[in-house]
Structures are given as structure tokens and as C-alpha cells.
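Me: I am new to this structure and would like a close look at a single part of it, explained slowly and tied to what surrounds it. Please choose one place to start and build the picture outward from there.

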Amino acid sequence: MSASEGVSGSATPDQAWTARAPATVESRSAARSPDFFIVGHPKSGTTALYEMLRGHSQIYMPESKEPWYFATELHLRPPPRPGGIARTFEEYQSLFAAAQPQQRIGEASPMYLWSATAAERIAEVREDARVIAILREPVSFLHSLHLQFVRTNVETETDFRRAIELEDSRREGRNISAHSYWPKALLYSEYVCYVEQLRRFETLFSPEQVLVLVYDDFRSDNEGVVRRVLRFLDVDDTAPIELVEANPTFGVRSRRLHQVVHAVSVGAGPISAGAKRAIKTLVPGQLRRSALHATQRRLLYGDPQPLDEAFMRELRARFRPHVAAVAEHLDRDLLALWGYDGEQ
């Protein structure tokens with residue numbers, strides 16, 4: 001089979017998993033680590049996959065989708081989030097304390113594929129782990145990622161073309177907002193070095209432990225891909241699946257209004273901090289979160305502006321070598337699938 005199938009050799013996936021496991025599930029201690037990891041990429045269906053897998057009775061995934069624990073780059077200046085990032089391995093393991101002994105444990109941190117440290121750190125803890133990666137056509141992927149970074153205040157440049165053009169200066173530490181959470185994450189072209197990223201995992205995990213999915217397959221056959229993942233994880237692949245749309249995309253309507261709402265939601269600055277305390281006092285937590293989410297969707301976000309066709313062609317020509325490399329790596333004609341066969 002090809003590398004994209006995620007299985008090779010004569011051993012079945014279950015035999016391979018069992019051979020590498022230090023002990024059976026039942027004999028492990030109460031403090032457990034994930035059996036599998038959805039490592040990325042963001043904006044490539046990872047949230048939908050996470051939601052559908054965590055609904056399976058034989059799988060446990062924590063409510064906090066992205067622990068980020070193994071990507072040390074994300075620990076330097078993390079954005080505000082409930083509970084923060086686990087600082088110790090014991091804190092990280094506590095995320096999975098509610099798992100039943102017979103369940104497979106998983107987590108989904110889509111930035112692990114981008115991270116230069118995550119693969120090695122995961123292997124140190126779980127050399128028998130299974131790894132799931134999802135790859136998306138580079139231009140649409142980076143456009144969607146840019147929109148996400150603008151919404152989450154990682155990015156302050158709202159124009160996608162300008163954000164791409166700033167890469168060289170940002171690599172030198174210039175043109176980065178003081179409020180950006182992850183300055184290193186703004187080097188967009190580094191996300192599409194797919195072969196380099198996959199090899200970080202493939203050098204540490206055997207072929208039967210790594211499943212590489214293509215985003216287009218996930219979009220066209222949502223259920224079929226999820227059942228394939230279930231088989232890869234050696235759980236019941238006939239169980240009912242509640243389908244979730246993969247990666248709905250929307251853009252920020254007003255950067256200024258978005259910053260105000262973000263400031264209130266995280267308590268940034270003296271005025272917003274006071275406003276946040278008042279809101280917390282008067283409005284129950286669940287209702288507050290629901291109202292904020294509804295307000296953000298209605299007032300802040302809308303359909304993104306389409307990319308300029310000339311700029312898209314420019315980017316496709318730029319990223320074509322990466323697409324050709326991963327096509328050969330996976331033994332699949334991604335140049336044709338992603339529309340790069342005519343680009344030079």
C-alpha cells in the first residue's frame with residue numbers, strides 16, 4: 001500500500017499496536033497518555049474529525065481539543081484560554097483522567113505537524129502512538145489559516161497578500177505586532193513543507209502508525225474517511241457517526257470591532273477588565289459564552305473575500321515544488337487533484 005494508506009508490512013494494525021505497547025490497556029496505571037494524536041494541519045478538518053471521533057463509545061478525547069503540550073513553541077506566549085496549557089506531564093495526563101480503561105485515548109493539536117519539537121516529544125512518551133495528519137491544498141489552506149489567525153489575534157495584517165509579503169521581514173523579527181501570540185506562526189510558507197513535516201513523524205514512528213489523509217477526501221466522503229480512521233485506531237468502524245461539516249470558513253467584518261470584543265472577552269486593558277467583571281457578576285457563565293459566541297458570529301464574521309486569481313496563480317507556482325514532493329511521497333497525483341499540473 002502507499003504511504004497515504006498509513007499501513008504497510010504483513011502485520012495487521014492491531015498486531016503492530018500490540019507489539020509496541022508497553023502493556024495492555026487494562027494493565028496501565030490510572031494516569032494515562034494518549035494512544036493517538038491528530039497532529040494537523042489546522043483548517044484542514046481536524047475539528048470535525050475530533051468531534052466525530054469523540055462521539056464514539058470506544059474513544060475518549062478531552063473537551064479541550066488542543067492541549068498543545070508537546071509543541072514547545074506554543075508555550076512561550078499562549079493566548080488566553082480556560083486552564084491555560086499544562087506545564088507538567090502530570091497536568092497533561094489529568095486531561096484524560098475520565099477515560100474508561102477500555103477506551104482509546106486521543107488528543108487533537110493541529111499545530112503539532114508544524115511544530116519542530118512535537119514529534120520527538122510525543123515519541124519519548126508514547127513510541128507506540130498512532131498519528132493522524134491531514135493535508136490540504138496549500139493556497140486555500142494558507143488563506144483559511146490567515147483568516148483564523150486574524151480572528152484569534154495571532155495575525156494583525158488583515159490582507160492575505162500583504163501577510164505573505166511580510167514573511168521575510170517577520171523572519172527577521174520585524175513587522176510583528178506586540179500583541180501577536182505566536183510570531184513564529186506567521187511564516188505562512190513554512191506550513192506547506194509537507195514532506196519535511198511528515199518525515200519528522202515517520203522517522204520516529206513506523207509506517208503502520210502514521211495515517212496521512214487528504215482534505216479533499218474528507219470533504220467529499222466525510223463518513224467514509226472517518227470509518228477509515230476508526231479502523232486505523234482498531235475500534236468498531238460500524239458504529240453510528242454524527243457527521244460534522246469540515247472547516248466552515250468565515251472572515252472578520254471589522255478589525256476594530258473584533259479587537260474590542262476580544263479585549264472584553266479576555267479582559268485585556270483596564271476598561272475591558274472592569275467590563276468583564278461586571279458581565280461575570282450579572283450573567284451566568286454558560287449563557288455568557290453562548291451570547292458572546294452568537295454576537296461574534298453575527299456582528300464580526302462574514303463570508304471571506306475571494307482571492308485575486310492572479311495572486312492565486314502566483315502562489316500555486318511558488319508552492320508547486322512542495323506539492324510535487326508530497327505527491328511523490330504519498331504516491332498520489334496531488335498536482336492534478338489540487339490544480340497544480342498546469343503551474344510552472
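Reply: Let us start with asparagine 153, which counts as buried because its relative accessibility is 9%, and buried here means under 20%. What is shown is a predicted model, and everything that follows should be read as a description of that model. Asparagine 153 is found in the loop between α5 and α6, and it has a positive phi of about 65° although it is not a glycine. That deserves a remark, since most residues other than glycine have a negative phi.

From this loop we can step to the helix α14, because α5 and α6 are both among the elements against which the buried residues of α14 pack. Helix α14 covers residues 309-330, and its buried residues are Phe311, Leu315, Arg316, Phe319, Arg320, Val323, Val326, Ala327 and Leu330. Besides α5 and α6 (160-165), these residues pack against β4 (130-135), α8, β5 (210-214) and α15 (334-337). When reading such a list of positions, it helps to recall that an α-helix has 3.6 residues a turn, so residues three or four places apart point the same way.

The helix α14 bends by about 50° at phenylalanine 319, and proline 321 follows within four residues; phenylalanine 319 is also one of the buried residues of α14. At the start of α14, a side-chain oxygen of aspartate 308 comes to within 3.2 Å of the backbone nitrogen of alanine 310. Just after α14 stands aspartate 331, whose phi is near 55°, again a positive value in a residue other than glycine. Aspartate 331 has its place in the loop between α14 and α15, but whereas asparagine 153 is buried, aspartate 331 is exposed, with a relative accessible area of 63%.

Two of the elements that α14 packs against, β4 and β5, also belong to an open sheet of 5 strands, which run in the order β2-β3-β1-β4-β5 with parallel pairing. Because β2 and β5 stand at the edges with a single partner strand each, one side of each has no neighbour in the sheet. Further in, β1 and β3 (residues 104-108) pair in the parallel sense over 3 bridges, and the bridge partner of phenylalanine 36 in β3 is glycine 106. The peptide bond from glycine 40 to histidine 41 is cis, with omega near 5°, and histidine 41 lies in the loop between β1 (36-40) and α2 (46-54).

The aromatic rings give another way to follow how parts of the chain meet. The structure holds 16 aromatic pairs. One of them joins phenylalanine 70 and tyrosine 92, whose ring centres are 5.0 Å apart and whose planes meet at 80°, so the pair is edge-to-face. Phenylalanine 70 lies in the loop between β2 (59-60) and α3 (89-94), and tyrosine 92 lies in helix α3, so this pair ties together parts that are 22 residues apart in sequence. Both partners are buried, phenylalanine 70 with a relative accessible area of 1% and tyrosine 92 with one of 0%.

Another pair brings us back to the helix α5: phenylalanine 149 and tyrosine 188 form a tilted aromatic pair, 6.2 Å centre to centre with 45° between the planes. This pair links distant parts of the chain, for phenylalanine 149 is in helix α5 (residues 138-151) and tyrosine 188 is in the loop between α7 (167-171) and α8 (194-202), 39 residues apart. Phenylalanine 149 and tyrosine 188 are both buried.

Phenylalanine 70 and tyrosine 92 also belong to one aromatic cluster, together with Phe37, Tyr69, Phe89, Phe96 and Tyr112. Over the face of one member, tyrosine 69, lies arginine 121, at 5.0 Å from the ring centre. Elsewhere, the charged end of arginine 130 sits over the ring of phenylalanine 232, 5.5 Å from its centre.

One last residue is leucine 74, found in the loop between β2 and α3 and counted as buried at 0% relative accessibility. Leaving aside residues up to four places away in sequence, leucine 74 touches Trp68, Ile85, Met111, Trp114 and Trp182. Its C-alpha is 9.7 Å from that of tyrosine 112, although leucine 74 and tyrosine 112 are 38 residues apart in sequence.

Conventions:
Residues numbered from 1 in each chain as written. Predicted model: local features only at pLDDT ≥ 70, side-chain atom pairs only at ≥ 80, totals over all residues. Heavy atoms only, no water. Phe/Tyr/Trp six-rings, centres within 6.5 Å; stacked < 30°, edge-to-face > 60°. Buried < 20%, exposed > 50% of the residue type's maximum accessible area, 1.4 Å probe, protein only. Lys NZ or Arg CZ within 6 Å of the ring centre and 35° of its normal. Bend = angle between axes of the 7 residues up to and from the residue. Contact = heavy atoms within 4.5 Å. Polar contact = N/O pair within 3.5 Å; in protein donor to acceptor, adjacent residues only side chain to side chain. Pairing = 2+ DSSP bridges.
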